[in-house]
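Here are some short exercises to try with a protein model. Work through each task yourself, then compare your steps with the solution.

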Amino acid sequence: SNPGPMEYRIVNTSDGKELYHSPVYLDCTVNIGEFLAIVHALAMLHKKKSSLPVYSDSSIAIKWVKAKRVNTRLIKTESNAIIFDLIDRALFWLQNNTWQNQLLKWNTLAWGEIPADFGRK
């Protein structure tokens, strides 16, 4: 459900290797998960000085990253307070760093489900 439990992972699209798998967070939205995954991937690649592109199947999350702003209707509660902390940290990173990586929309119709999805659709 949305909102509901959320987890995300970062996967290398070349070899399918999982590079990161988040814990499960309660009372969150899919778009927030996609946003956090993109920023996490950008930070990882920035640290490695890699210019590899970052793909997401969420146009909304890509838009949020580019705007350095999250536009969610999710209400902060005791059960999801950690999510809002992660959003704040991600926004801080975006506002204080630059990156060379292209943010690209995954073409699900042409390429199938994005490898980072968990196959639950």
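**Exercise 1.** Is Arg-9 buried, partly exposed or exposed, going by its relative accessibility?

*Solution.* Keep in mind that this is a predicted model. Begin with the cut-offs: buried means under 20% relative accessible area, and exposed means over 50%. The value for Arg-9 is 22%, so this residue counts as partly exposed.

**Exercise 2.** Find the strand that holds Arg-9, and list the residues that Arg-9 touches beyond four places away in sequence.

*Solution.* Step one: Arg-9 belongs to strand S2, which covers residues 9-11. Step two: leaving out residues up to four places away, the contacts of Arg-9 are Glu-18, Tyr-20, His-21, Pro-115, Ala-116, Asp-117 and Phe-118.

**Exercise 3.** Which residue forms a salt bridge with Arg-9?

*Solution.* Look for a side-chain nitrogen of Lys or Arg within 4 Å of a carboxyl oxygen of Asp or Glu. Arg-9 and Glu-18 make such a pair, with their closest N and O atoms 3.2 Å apart. Counting by this rule gives 1 salt bridge. Now check the partner's surroundings: Glu-18 has 36% relative accessibility, so Glu-18 is partly exposed.

**Exercise 4.** Look for backbone oxygens that the side chain of Arg-9 reaches, and give the distances.

*Solution.* One is the backbone oxygen of Asp-117, at 2.7 Å from the Arg-9 side chain. Another belongs to Pro-115, whose backbone oxygen is 3.4 Å from a polar atom of that side chain.

**Exercise 5.** Compare the expected span of helix H1 with the distance between its end C-alpha atoms.

*Solution.* Helix H1 runs over residues 30-47, which is 18 residues. The expected span is 1.5 Å times one less than the number of residues. That gives 26 Å, and the end C-alpha atoms are also 26 Å apart, so the two agree. While you are here, look at which H1 residues are buried: among them are Ile-38, Ala-41, Leu-42 and Leu-45. In an α-helix there are 3.6 residues a turn, so residues three or four places apart point the same way. After H1 comes Lys-49, with a positive phi near 55 degrees.

**Exercise 6.** Describe the protein as a whole: how many helices and strands does it have, and does its radius of gyration agree with or depart from that of a compact globule?

*Solution.* Count first: there are 4 helices and 6 strands. In sequence order they read β-β-β-β-α-β-α-α-β-α. Next, a compact globule of 121 residues would have a radius of gyration near 14 Å, and the protein has 14 Å, so the values agree. Finally, buried residues account for 40% of the 121 residues.

Notes. Residues numbered from 1 in each chain as written. Predicted model: local features only at pLDDT ≥ 70, side-chain atom pairs only at ≥ 80, totals over all residues. Heavy atoms only, no water. Helix = DSSP H or I, 4+ residues; strand = E, 2+ residues; numbered from the N terminus. Buried < 20%, exposed > 50% of the residue type's maximum accessible area, 1.4 Å probe, protein only. Contact = heavy atoms within 4.5 Å. Polar contact = N/O pair within 3.5 Å; in protein donor to acceptor, adjacent residues only side chain to side chain. Rg over C-alpha atoms; globule rule 2.2 N^0.38 Å.
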